[in-house]
Amino acid sequence: MSDPQTVSVPGRIMSAEMAEQPAVLQRILDEGAPAIREIATQIAARNPRFVLLTARGTSDNAALYAKYLIEVLLGKPAGLTSMSTTTAYGAKPDLTDCLVITVSQSGGSPDLVASTKAAREAGAITLAVTNNAGSPLAEVSEFHIDVLAGPEKALPATKTYTAELLALYLFVEGLRGNDGSAAKVLPELAAGILARQAEVKALAERYRFAQRLVITSRGYGYPTAREAALKLMETTYIPASPFSGADLLHGPLAMVDNVSPVIAIVPDGRGGEALQPVLDRLRGRGADLVVVGRQDQVDAASAGFALPGGVPEEVQPILEILPLQLLAYEVTIARGQDPDAPRALAKVTETH
């Protein structure tokens, strides 16, 4: 007979790592924040004129979140890079006085390392944000922020994603001379959300046999929509299309009908206000609309998950993704699959 302790329970690792997130967030606030603030102070003194963000996969969604923070809170232009311009085409842009932030859980992908090295040689201030202080990416960067998430063994990234979001938020706050105090409530609120897994399990029944999903949001919620779609696709194998609410109205809305599940992340703030016309159109089309957001928005939808109120919009993404991580996990389990080890995926993806 097999030793029960050696039998792999589907989703055991992903479940445990999701549950670690409140502790990881608290660790960053307690142990990581001073170092992040010091790095931000040094970079702010050099007054970069614009910011470029480099990442892949889940970290790319964290980088998009940072783009919103930089443009909204700092008023500096920010963009997401196309690494192939450097690694494949050999382009040599002048990056003098530019801050290049490279975000990667492992810090091991060759294209991230090569593009960061090239950016530094082109005059950029380079900052790596990783979960591996000894990684090649950290070594080639001038500055490094450790997100302190601890080893992540499940293939779907969960705790490293929220750790990246918080580290990037604290860094941007440090650039503007603030202490990021709005984040202090996050560990407790995150624990409260994760304790409501039974609600998400019931919600997962709506998607067990889904053929496709549409996920939408605006503003700070848009990176959450993209990350939720990625988590659902890589664990459940259900095609999930993320759209900005504005882009959804420019054509893709035509594919939504009364049997098409739509998940809307509705931020409590300007992003949610901008999304309202989209929600109205979706209801008008009879869409099966599930909302992650304020209680009144959930009440007006087919179903949903209410988030805590009173949280500044710029840190809401750290909480918004939690029920959607749980949803990906629960739908995967309901479909008889193992979210710890999705087919055809590796934990460190080495692109060039």
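Start by selecting H144, which is found in strand β5 (residues 143-146); helices (H or I, at least four residues) and strands (E, at least two) are DSSP runs, numbered from the N terminus. This is a predicted model, where local features need pLDDT of at least 70, side-chain atom pairs count only at pLDDT 80 or more, and totals for chains, interfaces and linings use all residues. Residues are numbered from 1 along each chain as its sequence is written, and side-chain values use heavy atoms, with hydrogens and water left out.

**Around H144**

Show the side chains of H144 and T130: they make a polar contact at 2.7 Å. A polar contact is a pair of N or O atoms within 3.5 Å; within protein, one must be able to donate a hydrogen and the other to accept it, and residues adjacent in sequence count only if both atoms are side-chain atoms. Now widen the selection to what H144 touches, skipping its neighbours within four places in sequence: you get I39, L127, A128, T130, N132, A133 and A138. Contact here means heavy atoms within 4.5 Å.

A128 is also the bridge partner of H144 in the strand pairing. β4 and β5 pair in the parallel sense over four bridges; two strands pair if DSSP finds at least two bridges between them.

**The sheet it belongs to**

Zoom out and colour β2-β1-β3-β4-β5, in that order: these five strands form an open sheet with parallel pairing. β2 and β5 are the edge strands, each pairing on one side only. Neighbouring strands of this sheet are turned by 20° against each other on average, direction ignored. Axes are lines fitted to C-alpha atoms, for helices over the stretch in contact, and angles run from 0 to 180 degrees between N-to-C directions.

Next, pick strand β1 (residues 50-55). Six of its six residues are buried, so β1 is largely enclosed by the rest of the structure. Buried means under 20% relative accessible area, exposed over 50%, partly exposed in between (1.4 Å probe, protein chains only). In a regular strand the side chains alternate between the two faces of the sheet. Here F50, L52 and T54 point one way from β1, and V51, L53 and A55 the other way.

On to the partners of β1. Six bridges join β1 to strand β3 (residues 98-104), and the two run parallel; L52 stands opposite V100 there. With strand β2 (residues 78-80), β1 pairs in the parallel sense over three bridges, and V51 has A78 as its bridge partner.

**Helices on the sheet**

Switch on α2, which lies across β3, β4 and β5 and runs at about 155° to β5. Add α7, which packs on the sheet, touching β3, β4 and β5, with a direction that makes about 160° with that of β3.

Stay with helix α7 (residues 159-175) and add helix α14 (residues 316-334): their axes come within 10 Å and cross at roughly 170°. That makes α7 roughly antiparallel to α14; angles under 35 degrees count as roughly parallel, over 145 as roughly antiparallel, 65 to 115 as roughly perpendicular and the rest as oblique. Select Y161, T162, L165 and L166 in α7, then P317, I318, I321, L322 and Q325 in α14, which they meet.

**Two loops**

Now go to N47, in the loop between α2 (21-44) and β1. At 51% relative accessibility, N47 counts as exposed. Most residues other than glycine have a negative phi. Phi of N47 is near 50°, a positive value.

Y237, in the loop between α10 (222-236) and β7, has a positive phi too, near 70°. At 25% relative accessibility, Y237 counts as partly exposed.

**The other sheet**

From Y237, follow the chain into β7 and colour β7-β6-β8-β9-β10, an open sheet of five strands with parallel pairing. β7 (240-244) and β10 (303-306) stand at the edges with a single partner strand each, so one side of each is left without a neighbour in the sheet. The twist averages 15° from one strand to the next.

Inside this sheet, strand β6 (residues 213-217) runs parallel to strand β8 (residues 261-266), joined by three bridges. V214 stands opposite V262 in β8.

Last stop: D288, in strand β9 (residues 288-293). At 17% relative accessibility, D288 counts as buried. Show R206 as well: the side chains of D288 and R206 make a polar contact at 2.4 Å.
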